[in-house]
Amino acid sequence: LEPVRLADYRVPAFLIDTVHLDIRLERTQTRIVSTLTLRRNPHSAGQGALKLDGDGLVFVEAWLDGVSLPSDAYSVSPHGFSLHQPPAEPFTLAIETRLDPSANTQLMGLYRSNSAYCTQCEAEGFRRITYFLDRPDVLSVYTTRIEASFQEAPVLLANGNRTEHGSLADGRHYAVWHDPFPKPSYLFAMVAGDLAMVADSFTTRSGREVRLEIYVEHGKEDRCAYAMDALKRSMRWDEQAFGREYDLDIFMIVAVSDFNMGAMENKGLNIFNDKYVLALPQTATDSDFAAVEAIIAHEYFHNWTGNRITCRDWFQLCLKEGLTVFRDQEFSSDQRSRPVKRINDVKLLRSQQFSEDGGPLAHPVRPEIYNEINNFYTATVYEKGAEVVRMLKTLIGDEAFAAGMDLYFQRHDGEAVTIEDFLTCFAEASRRDLGQFMLWYRQSGTPEIRAEGQWDEEAGTYHLSLKQILAPTPGQPNKQPMLFPIRLGLVGEDGDLPVTLDGKPFDGLVALAESERNYVFGNVRQAPVPSLLRGFSAPVKLTVALDEEALLTLLKADSDPFNRWQASQSYALKLLLRLVKDPTTPVDPRFIAAVRGLLAGGAVDPAFTALSLALPSETDIAREIGNDVDPQAVYRARSILRRTLARDLQADLLRTIENMTVAGPYSPQAADAGRRSLRNGALDLVCAGGTPQALDAAAAQFDKADNMTDEMAALATLALSATPAGERALHNFRERYDNDPLVIDKWMGVQAMLPLEATLDRVKELMHDPAFSLHNPNRVRALIGTFCSANQTQFNRADGEGYRFVADIILAIDPKNPQLAARLLVAFKTWRSLEQGRRTLAAATLRDIARRPGLSRDVADIAQRSLA
Ligand code: DPP
Ligand code: ZN
């Protein structure tokens with residue numbers, strides 16, 4: 001593997017001002033003529049040949065300024081085209097290539113999904129369509145002419161506005177699209193096929209009418225309403241919250257069923273994994289609706305943060321992704337409950353990003369070296385990247401943050417920029433030196449903050465010491481102290497104490513810049529409990545010794561909802577860690593009483609209560625243990641605590657199920673979804689007790705559910721009970737949704753998650769189900785992805801069979817779809833923290849994969865880094 005380094009960045013030697021693509025679609029023999037107007041980059045010292053990127057292309061002919069090039073004027077291979085002596089003055093280069101969309105199983109470049117042609121170019125897929133300077137700092141104006149058989153592809157779409165269309169001989173037709181905004185090649189898109197369309201419109205705040213179109217397979221039109229609604233809300237919100245207006249006359253979304261990622265923000269023509277567009281109450285759960293809303297928003301917001309202002313190079317990926325995740329999180333917070341959104345985001349961050357940051361795949365938010373860029377679309381770049389933007393806002397304040405964003409949009413519109421350019425805008429707007437803050441982009445690993453406090457009753461003071469600990473991570477043995485915004489308060493029996501810091505009323509925020517610092521709070525008239533890291537103000541692991549009484553105080557009196565939730569989790573985690581060591585440890589009755597109290601007050605904020613009721617996950621527990629983890633012992637501990645709660649609180653839980661019934665027709669709105677989440681959380685917990693009443697409640701819900709949220713919750717609970725009723729429910733569900741792949745995915749996932757010895761065989765069997773296919777990423781992720789990422793005991797079987805099975809599948813998928821294969825391999829990211837037996841087996845499996853000849857760069861990279 002040949003790594004690419006940030007330090008080696010050079011501006012492009014040539015610029016491409018315009019691109020004219022002429023695409024003649026044929027299933028196996030698509031012909032592409034790309035006509036580029038090129039000139040030397042005045043900012044480049046580069047001399048000599050023009051070298052264009054290519055990947056798997058079949059070259060036909062090239063023309064320089066309209067004249068066919070003799071073969072000694074260039075060299076060409078599937079991987080590149082080089083013009084030996086490019087003219088000094090601007091010139092036109094036309095190149096004809098052929099490609100076979102139907103053979104493109106990588107789903108990068110131009111490929112077929114069901115009956116449609118579509119494209120995916122981020123990060124380096126455009127070079128699979130034509131020879132090009134396929135890098136994000138080359139911005140060009142694109143004109144795309146698509147020609148196809150009318151019968152096969154009545155719909156022809158590309159970026160921008162349609163300027164021309166018409167019919168041709170032999171039943172063919174064409175359309176020409178022009179995108180006036182210069183863009184990098186990764187934002188190019190084209191779609192052609194026989195698709196249905198749902199249209200709407202949006203009037204921007206300056207009064208321009210924008211046509212909105214969503215394209216789906218015929219028969220799925222009725223599943224787009226929520227996506228369309230979410231799009232309109234996103235457009236309005238970006239105007240209000242960030243002052244950003246849409247810029248083209250049309251905005252299109254196409255849903256396809258074969259897609260490696262969630263969705264793609266191509267200019268004016270977003271292409272989506274259909275999972276994040278299609279949603280009906282009968283087919284999608286509340287979480288699916290929330291995900292559709294968030295991803296529609298995310299891709300739309302990229303129009304400004306990503307498209308109008310793009311990345312200079314792929315090391316800057318977080319420039320667009322971290323910022324855009326931050327923006328979509330803020331959008332969802334405004335549309336729903338802010339504390340609930342925050343808790344869910346932090347849960348995701350901890351489970352995905354902290355485990356990445358704590359293992360061999362750790363990398364900075366802005367990496368400085370990569371072997372394969374596809375492997376850096378990670379939780380660190382996205383989720384931690386969003387946290388960094390959030391911290392920036394916390395540190396400089398809302399006003400300076402807004403001013404910095406405005407400056408960024410104004411100064412860099414139409415440019416390809418870096419994290420330094422981004423931060424400079426905020427440094428100027430806030431008149432602060434953000435040099436130390438920059439370390440958040442450069443240093444990998446999850447920092448630990450250790451806190452110790454001491455109340456001085458006589459003086460009425462509270463001494464708080466905060467210390468930062470930055471453990472070594474791959475490639476970074478030594479680290480510099482970082483800057484942490486720490487929101488905090490001191491809590492008494494009746495809530496926050498009105499304390500002072502440095503003689504002034506304390507505003508709730510400190511910025512820790514030193515390795516260690518002591519704070520002395522005044523006016524502390526009663527023994528306080530410190531509530532630290534409120535709202536999870538920095539992506540760190542907080543270590544603070546709080547006993548059970550202190551946690552109970554926070555649970556009931558903390559003004560910060562995040563820390564109230566955190567107190568419930570910290571308390572449960574204490575019990576769980578004891579149970580992992582000794583399963584006979586009695587469960588603390590004060591905890592059970594606290595849960596009873598939560599349930600009793602559940603109606604006030606059901607969604608929040610549901611989150612507090614849910615115990616830390618197996619991966620949360622494992623991460624807390626840190627090393628020599630036995631997943632079976634973790635699972636056992638969690639089961640014991642669940643069973644105890646279920647038995648001691650059966651009546652309370654059954655009452656909650658009753659009380660949280662949602663009246664009236666289904667609505668995906670947060671209020672109803674919150675009631676369902678509490679109801680289903682209670683159902684899940686009470687069924688852990690295994691009593692007939694509990695299981696009857698689940699069976700009744702399964703039978704009469706009128707929406708997928710309740711139906712899935714009941715199905716999952718029944719399946720987990722490993723009873724004949726569970727098998728019956730699985731069978732019935734399969735029959736009901738036979739023709740609905742996205743719903744069958746859920747059915748596959750539920751089974752892949754079962755913490756049972758027999759699950760591996762079940763998963764193997766399900767691979768023979770006619771609904772399963774190794775070629776479709778959604779199917780693979782639903783069954784295999786769920787098995788290896790959401791089934792800790794069975795993926796990590798003591799006999800290593802889970803590893804072997806997943807490895808075989810990865811090796812089978814790799815030659816067809818390396819990105820998908822590499823993604824699955826990431827499931828091994830915490831292998832070093834396992835107990836010795838499993839660790840040895842996991843390492844042997846990884847070594848076996850790494851040794852195979854002919855691995856893709858994607859898989860080789862993950863395997864090698866995992867073992868390093
Ligand atoms: N850029 C896409 C997104 O995250 C993924 N390639 O929106
Ligand atoms: Zn994105």
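# Pairing, shell and core in a predicted model

User: In this predicted model, what makes strand 26 and strand 32 a pair?

Analyst: Six bridges join strand 26 (residues 461-469) to strand 32 (residues 516-522), and the two run antiparallel. Two strands pair if there are at least two bridges between them, so strands 26 and 32 count as paired. Within this pair, Leu466 stands opposite Arg517 in strand 32.

User: How do you know that strand 29 also pairs with strand 32?

Analyst: Strand 29 (residues 500-501) is joined to strand 32 by two bridges, in antiparallel direction. The requirement is at least two bridges, therefore strand 29 and strand 32 are a pair. Thr500 has Gly522 of strand 32 as its bridge partner.

User: Which strands form the open sheet, and what makes two of them edge strands?

Analyst: Eight strands form the open sheet, in the order 6-5-9-3-2-12-15-14, with mixed pairing. Strand 6 (67-68) and strand 14 (161-167) are the edge strands, as each pairs on one side only. Inside that order, strand 2 (residues 14-24) and strand 3 (residues 30-40) run antiparallel and are joined by 10 bridges. Asp22 stands opposite Val33 in strand 3.

User: Which residues surround ligand 1, and how do they divide into nonpolar, polar and charged?

Analyst: Ligand 1 is surrounded by Glu122, Met261, Ala263, Met264, Glu265, His298, Glu299, His302, Glu321 and Tyr377. The shell divides into four nonpolar, two polar and four charged residues. Tyr377 belongs to the shell, and Tyr counts as nonpolar here. His298 and His302 are also in the shell; His is not among the residues classed as nonpolar or charged, so both count as polar.

User: Which elements each supply at least two residues of that shell?

Analyst: They are strand 20 (263-264) and helix 2 (286-301).

User: Where does UniProt place the peptidase domain, and what is its helix and strand content?

Analyst: An unreviewed UniProt entry places "domain: Peptidase M1 membrane alanine aminopeptidase" at residues 226-438. In the model, this span is 55% helix and 9% strand, and its end C-alpha atoms lie 39 Å apart.

User: Why is Val277 called part of a nonpolar core?

Analyst: Such a core is made of buried nonpolar residues joined through C-beta atoms within 7 Å, so Val277 as a member of the largest core must be buried. That core has 264 residues, and those with the most contacts inside it are Val191, Ala227, Val254, Val277, Val806 and Leu825. Helix 5 (residues 379-412) gives the most to this core, with 12 residues. Beyond its neighbours within four places in sequence, Val277 is in contact with Ile214, Val216, Cys224, Ala227, Ile253, Ala255, Phe272 and Val292.

Terms used. Residues numbered from 1 in each chain as written. Chains lettered and ligands numbered in written order. Predicted model: local features only at pLDDT ≥ 70, side-chain atom pairs only at ≥ 80, totals over all residues. Near = placed C-beta within 6 Å. Helix = DSSP H or I, 4+ residues; strand = E, 2+ residues; numbered from the N terminus. UniProt positions renumbered as here; feature names shortened; annotations may be inferred. Buried ≥ 20, exposed ≤ 12 C-beta atoms within 10 Å, placed from the backbone. Contact = placed C-beta atoms within 7 Å.
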